[in-house]
Amino acid sequence: MPVYYLEIIVVVLGLLMLMVDAFAKLDDKRSIASIGIIGLIVVFGLLFKVVPPESTEGVFWQFYSAGDQTALFFKGIAVLTTLIVLIMASDFSPIVVRQTADPEPGAHPQAGLGEFFALPMFACAGLMWMASANNLVSIFVSLETVTITFYILVAYLRRNVGSLEAGVKYLILGALSTGFLVYGFAWLFGITGSMQLSEIATALADPSINTTAAFFAFALILVAVAFKVGGAPFHFWIPDVYQGAPTPITAFLSVGSKAAGFIVFLRLVDPFLASAPLVGKVTTVLSVIAILTLLMGNLAAMPQKNFKRLLAYSSVAHAGFLIMALASSPDASAAGQSMSPTTVISFYLGAYLLMTLLAFLVMTTVRGQVAGEDLNAYKGLAKRSPFLAFTLLISMASLAGIPLTAGFFGKFFVFKLAAEQQNWTLLVVGLIGAAAGFYYYLKIAVSMFFESSDDDALAIPVRTTTRIAMIALTIAIIAVGINPGLILGLLP
Amino acid sequence: MSILEIIVFLPLVAALAIGFGAPARFTALGASALTLIASLVLAIQFKTNVEGPFQFESSRTMLDIAEFPTLSLSFGLDGISLVMLLLSTIVMVAAVLVSPKEAELKRSPQLFYLSLLLIGGGAIGAFCSTDLFFLYAFHELALIPTFLMIGIFGRGENRVRTAWTITIYLGVGSLVLLVGLILAVIALGGTTFNIADLVALAKNPETGIAAKQQGGIFLLLLIGFGTLVSLFPFHSWAAPAYAEAPAPVAMLHAGVLKKFGLYGLIRVALPIVPAGFETYLNLVLVLLLGNIIYLGLVTIAQKQLDRMLGYSSVMHMGYVFLGIAAGNELGISGAVLLMFAHGISIALLFALCGWLQEKYGTLEFEKLGGIAKQVPRLGLLFGFAAFAAAGLPGFANFAAEIEIFIGAFKGAENGIGWIQWTTIIALWGVVISGVYMLRAYRSIFMGPIASKLEAPSDLTWATRLPLLLLLVALMAVGFIPELLNQFIRPAINGFFLIKAG
């Protein structure tokens, strides 16, 4: 089955969900989410069934890469993220209903909930396309498909000021970054005369290239892409938007959008790294961004008292580790001896998906019972719901990079790459970041385990689907922590 | 599955079972007793005259790709790791036995026993791993359980702060260690994590690490492992943590887990970067004197038993370093023997200390006194333990320290060098530990009865059992050091000796 069928299936699923929402008389609209969940499980299975096309001649393949393994991996990340986001979204639906309440008489009590489940499907299709985009035009269009869906989703809770504020911030800054991206693309096209990434790479490798202009194009593109993945100093939107957005959407932004951002980052930076006249400058700039991101993310996460904000800074910090891998790209001569940054970043993002989504799943479940995402809301969770406390602890241990969890291997590969390139400054900053991580990730354990809850709070109910997802993610984190081959085997 | 794999995974599986609701104390006791029996079986089966580094080997390949060193979950024992395994399993059984019963714990008994098993199981896994990666990874298994144990079940007002201190300290230490290990593996070609293969590569002059590079790597390893073992000046986490941890955790951490740093130096740093070790030998000598003399004096100044024991356990690490610094068969085997002896004796002391705290509610020397009249059996046991820790003959500590001192003096026929001078100064540490141990004994057990409390009932058989287990181990090895030396010697001779003695 050709790989682009998958995107089509996801879009059709999304349309189907909209139709069901509009025409079927459902008592409980959460069943719309179930359609999406089941559909995405099927799509995830189909990912393993795709076959490469017989011929890549023709205009279509100039916009869509012919199903390379990395693209498939990132499509898997997109599908899995959306799947878990939909599970979270159904848990979160009472809050959505409350904060989108329609005063019109006769309206369905859950009016407006259907789109909350359908929109992530379109974002998912966009994310999947981003993974295969190999042309400036298709990169731009797929990126915007995703971003525009996110503008809606972030501001979805229209009776909630925080959500609206987040939406406006994201819209304005997102539009600005899009401007940078298009301007950078224009310069790149001007220099190389092509929209095709492979041709751009050939043109940039030419020693007679105008390096100043090419570097300018790189800088413009970098601003836009760093904005998408949360690289400092373009990360300032992240804490506010993450905090204001509905929690499932925060998870979606933090995993799906970041992963897709990184595949685009990799695709766009690769030609520059492969270009002999530019590679030195590009690496320096990337190193600076990585150092800033690591310091900003990790140090700013330390004093946070709101769990969602803490995870926002943590997501910046992880972007720092990922850019650190990119800044430690081995020379062409050393290829084959050490892992490529693409492999390291893909692995890291796979591990990041498991642990971050697990944290957000617990957060959404707790949010159903306790108002707010303050660290205090997690007081005495170990006593109230030992299962939730345990899974959240595993997730935090993995985010902190404690061995025998998936997160450790992510950091391990990055550090190894930096050590092989003898990138000592980056390595030291990375270590400082990782050490800070021990502190702020374990802070939540203090709330959960050391402090007792105010009243005799009852156990927090966990839906079966959510519980299955949590158990699966926990097992996956530990299994990958013992055998990283489980994820590496999916990569080229 | 080999017996060794069962030994490693049994505590972890038991911890999991407790998490799913198995009876906590019963499961923990069963699992730790079974691992002890199994490790004794291995000790009997262990062949002391076999060529080749490891016995009872098992290996499961996890990751085998060209761009990354081969990673396999592999276990095996040589004489050194066998001794460490015995230490871990003995102390683990004792620690579980002295733990409060489920009903006596105010908060989640499951979490208590689960964490205990994870700490012990992590140490066992680290000592049995023949893969550098898992050696490191298993040790880290104890990090979060220790944090939770001190924070939740610890004593005193400052316990959360102490929990943070030990976690961040050890976390940072292991990050430094990680970088050192990564650099060492890369410098050795980056093809494998197997320790035996890495050592073979390092000993081959063509593939070994260049002397210039070795210094930096050794320094990272020294700081990393040194932090984990509370080498001066990276020691400040240890004493407060042991004082505030619940007694079983202090037993496991001070007795077993801390030895990982020393074990790592002997197992990894010495054979892989010997030239780096030679370069920084004098630095090591100065630091170990810091442990023995400076921290010895700090120990004398303590006014509370738990703090004093904490500092004394830090101080004694200096002797182990001295044995390692001697670098010959006698010195290193003394070091390994002292790791065992000290582990058992400090576990015994912390167990008794926990009992005192529970019955008298205080550990300050001034508030205690004349207890021997009230609880004579406890007094007797404490006396044995204190004499053992101070290095009196008849206990394993004495045999080990003698080996270390003689080992360190071995090169003296060619003139007295730095190491011999260090030894001469370090000998005064024996006096220091005699002073603080006897002073503690005198002020707690002798003299007029200071406590206004009614005399608590003395140790019962049930409480004496774990203590006697430890004492028997200590005295058996004390009278017949060959019990363990027969394992240690061939391991050093065949594989890890860095220079001829």
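Just after helix α6 of chain A, the residue Gly193(A) takes a positive phi of about 75°, and I would like to start from that spot and walk back along the helix, keeping in mind that everything I describe comes from a predicted model. The helix itself covers residues 161–192 and has 32 residues, and from its first C-alpha to its last it reaches 46 Å, close to the 46 Å expected at 1.5 Å a residue.

Which residues of this helix are buried? They are Ser163(A), Ala166(A), Gly167(A), Tyr170(A), Gly174(A), Ser177(A), Leu181(A), Gly184(A), Phe185(A), Leu188(A) and Thr192(A). As you read that list, it helps to remember that an α-helix has 3.6 residues a turn, so residues three or four places apart point the same way. The buried residues of α6(A) pack against four helices of chain A, namely α5 (136–154), α7 (197–205), α8 (211–229) and α9 (237–244).

For contrast, please look at helix α12 of chain A, residues 307–327, which has 21 residues and spans 30 Å from end to end, close to the 30 Å expected. This helix is mostly covered, with 21 of its 21 residues buried.

Stepping back to the whole of chain A, we find 19 helices and zero strands. The radius of gyration of chain A is 22 Å, close to the 23 Å that the globule rule gives for 492 residues, so chain A is as compact as a globular protein of that length. Of those 492 residues, 57% count as buried, and among contacts with a separation of 6 or more, 80% come from residues 24 or more positions apart.

Now let me turn to chain B, which has 22 helices and two strands. With 501 residues, a compact globule would have a radius of gyration near 23 Å, and chain B, at 22 Å, agrees with that. The C-alpha trace of chain B spans about 70 × 60 × 40 Å along its principal axes, and 60% of the residues of chain B count as buried.

The two strands of chain B, β1(B) and β2(B), pair in the antiparallel sense over six bridges, and within this pairing Ser58(B) stands opposite Phe75(B). In β2(B), Leu71(B), Leu73(B), Phe75(B) and Leu77(B) point one way, while Ser72(B), Ser74(B) and Gly76(B) point the other way, and all of them are buried. On the partner strand, β1 of chain B, we find Phe56(B), whose phi is near 55°, a positive value in a residue other than glycine. With 18 C-beta neighbours inside 10 Å, Phe56(B) counts as partly exposed.

Chain A also has a residue of this kind, Gln422(A), with a phi near 55°, and Gln422(A) sits in the loop between α16 (406–420) and α17 (424–450) of chain A. Is Gln422(A) buried or exposed? It is exposed, with 11 other C-beta atoms within 10 Å. Most residues other than glycine have a negative phi, and most peptide bonds are trans.

That brings me to the cis bonds. In chain A, a cis peptide bond with omega about 0° joins Ala232(A) and Pro233(A), and Pro233(A) lies in the loop between α8 and α9 of chain A. In chain B, the peptide bond from Phe232(B) to Pro233(B) is cis, with omega near 0°, and Pro233(B) is in the loop between α9 (211–228) and α10 (238–244) of chain B.

How do the chains meet, and how many residues does each give to the contact? Chain B gives 29 residues and chain A gives 29 residues. On the side of chain B, at least two residues each come from β1 (55–63), α5 (132–140), α6 (143–153) and α7 (159–187), and the largest share, 10 residues, comes from α7(B). By class, this side has 22 nonpolar, five polar and two charged residues.

One of those contributors, α5(B), deserves a second look: nine of its nine residues are buried, so α5(B) is largely enclosed by the rest of the structure. Its buried residues pack against β2 (71–77), α4 (109–128), α6, α7, α8 (195–203) and α12 (259–272) of chain B.

Finally, a word on confidence. The model scores ipTM 0.90 and pTM 0.93, and chain B has a mean pLDDT of 89, with 98% of its residues at 70 or more. Please be careful, though, with residues 497–501 of chain B, where pLDDT stays under 50.

Technical notes:
Residues are numbered from 1 along each chain as its sequence is written. Chains are lettered from A and ligands numbered from 1 in the order in which they are written. This is a predicted model: local features need pLDDT of at least 70, side-chain atom pairs count only at pLDDT 80 or more; totals for chains, interfaces and linings use all residues. Two residues are in contact if their C-beta atoms, placed from the backbone, lie within 7 Å. Ala, Val, Leu, Ile, Met, Phe, Trp, Tyr, Cys and Pro count as nonpolar, Asp, Glu, Lys and Arg as charged, and the others, Gly among them, as polar. A residue is buried if 20 or more other C-beta atoms lie within 10 Å of its own, exposed if 12 or fewer, and partly exposed in between; C-beta atoms are placed from the backbone. pLDDT is the predictor's confidence in each residue, from 0 to 100. The radius of gyration is taken over C-alpha atoms; the globule rule is 2.2 Å times the number of residues to the power 0.38. The expected span of a helix is 1.5 Å times one less than its number of residues. Two strands pair if DSSP finds at least two bridges between them.
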